[in-house]
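Open the model in your viewer and switch on a cartoon view. We will go from one selection to the next and look at what each one holds.

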Amino acid sequence: MRFLFLILLTFGLALGLGTLSVAWMIDHFEGTEIVVVGPWHADRTAGSPSADPYAKARQARSGNLTLGLGEGVAFRARVDSDNRELRRECSYRLEGAYPPARIATLAAYDFDGRLIEAGGERPDHLVSLNWMREDDNAAVIAVGPVARPGNWLATAGDGGYILALTFYDTPVSTDSGAAPIPMPHIVRTDCQPNG
């Protein structure tokens with residue numbers, strides 16, 4: 001009887017610890033093919049058959065569709081360019097160069113992958129076809145709870161979030177990584193009293 005109990009205990013511990021380690025890896029391990037440019041992180045192989053098992057498990061768990069290799073690439077940022085967590089109570093400015101792409105989108109998501117809906121007529125996502133541009137073709141984008149002139153992505157509520165900047169039909173998705181990828185800086189401009 002004691003032998004059977006020890007076997008069941010061993011299997012229970014192995015199953016429980018194995019499940020916990022896989023869950024931790026899915027939440028914390030970004031992958032082997034991650035491209036990091038400042039605060040931006042992207043996995044160019046996430047939608048391809050060659051994606052690592054943890055990337056496939058993350059996609060299966062979230063239920064989100066991914067772009068295939070060559071279709072585009074999604075960059076995500078959890079921190080600004082000074083390595084501070086992005087907060088919904090704070091305002092930010094995206095400035096600098098963007099990689100070439102046929103079209104790009106910008107949106108804010110909570111940590112569970114749900115779009116942060118700003119409510120009312122406030123913009124909760126932006127599409128590059130509608131971006132106002134400077135004389136040198138640069139696009140400066142404001143992100144935050146307070147309306148700004150020009151390109152503005154609204155956030156609502158409080159707490160951390162993830163900015164997703166997705167480029168469609170871009171050479172970045174199939175590039176070998178030899179050339180540097182131009183990505184905008186995320187600059188914190190101010191915070192509301194509780195941010």
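The tour below starts with the whole chain and then moves to a hairpin, a sheet, a disulfide and a pocket.

**Stop 1: the whole chain**

Keep in mind throughout that this is a predicted model. Colour the chain by secondary structure, and you should find 2 helices and 10 strands. Follow the elements from the N terminus and they run α-β-β-α-β-β-β-β-β-β-β-β. If you colour by accessibility instead, buried residues account for 34% of the 195 residues in the chain.

**Stop 2: the hairpin of β1 and β2**

Select residues 34-37 for β1 and residues 40-43 for β2; these two strands run antiparallel and are joined by 4 bridges. Show Val36 as sticks, and opposite this residue you will see His41 in β2. Now look at the turn: the hairpin has 2 residues between its strands, and Gly38 takes a positive phi near 60 degrees there.

**Stop 3: a sheet of four strands**

Next, hide the hairpin and bring up the open sheet of 4 strands, whose order is β8-β7-β4-β10. Its pairing is mixed. Which strands form the edges? They are β8 (151-154) and β10, each of which pairs on one side only. Look along the sheet to see the turn between neighbouring strands, which is 25 degrees on average when direction is ignored.

As a reminder while you rotate the view, strands of a sheet pair through backbone hydrogen bonds, either parallel or antiparallel. Select β4, residues 90-95, and check its two partners. With β10, β4 runs antiparallel and shares 6 bridges. With β7 (residues 141-144), β4 is also antiparallel, joined by 3 bridges.

Tyr92 is a good residue to centre on here. What is its bridge partner in β10? That partner is Arg188. In β7, the bridge partner of Tyr92 is Val143.

**Stop 4: the disulfide**

Stay with β4 and β10, and show the cysteines as sticks. The structure holds 1 disulfide, which joins Cys90 to Cys191 with an S to S distance of 1.9 Å. Cys90 lies in β4 and Cys191 in β10 (residues 185-191), so the disulfide ties together parts that are 101 residues apart in sequence. The two cysteines are linked through the sheet as well: the bridge partner of Cys90 in β10 is Cys191.

Turn the view to look at the S-S bond. Why is this disulfide right-handed? The torsion about the S-S bond of Cys90 and Cys191 is about 95 degrees, and therefore the disulfide is right-handed.

Now add a surface and ask of Cys90: buried or exposed? Cys90 is buried, with a relative accessible area of 0%. Cys191, on the other hand, is partly exposed at 29%.

**Stop 5: the second largest pocket**

For the last selection, pick Tyr98, Pro99, Pro100, Trp131 and Arg133. These residues lie nearest the centre of the second largest pocket, which has a lining of 17 residues. Its volume is about 210 Å³. How many of the lining residues are nonpolar, polar and charged? The lining divides into 11 nonpolar, 3 polar and 3 charged residues. Colour the lining by these classes to see how they are placed around the pocket.

Terms used. Residues numbered from 1 in each chain as written. Predicted model: local features only at pLDDT ≥ 70, side-chain atom pairs only at ≥ 80, totals over all residues. Heavy atoms only, no water. Disulfide = S-S within 2.5 Å. Buried < 20%, exposed > 50% of the residue type's maximum accessible area, 1.4 Å probe, protein only. 1 Å grid on protein atoms, 1.4 Å probe; cavity = no way out; pocket = protein on both sides within 12 Å on 5 of 7 lines; lining within 4 Å. Points joined across faces, edges and corners; volume = space filled by probe spheres on them. Nonpolar A, V, L, I, M, F, W, Y, C, P; charged D, E, K, R; others polar. Pairing = 2+ DSSP bridges. Axes fitted to C-alpha atoms, helices over the stretch in contact; angles between N-to-C directions.
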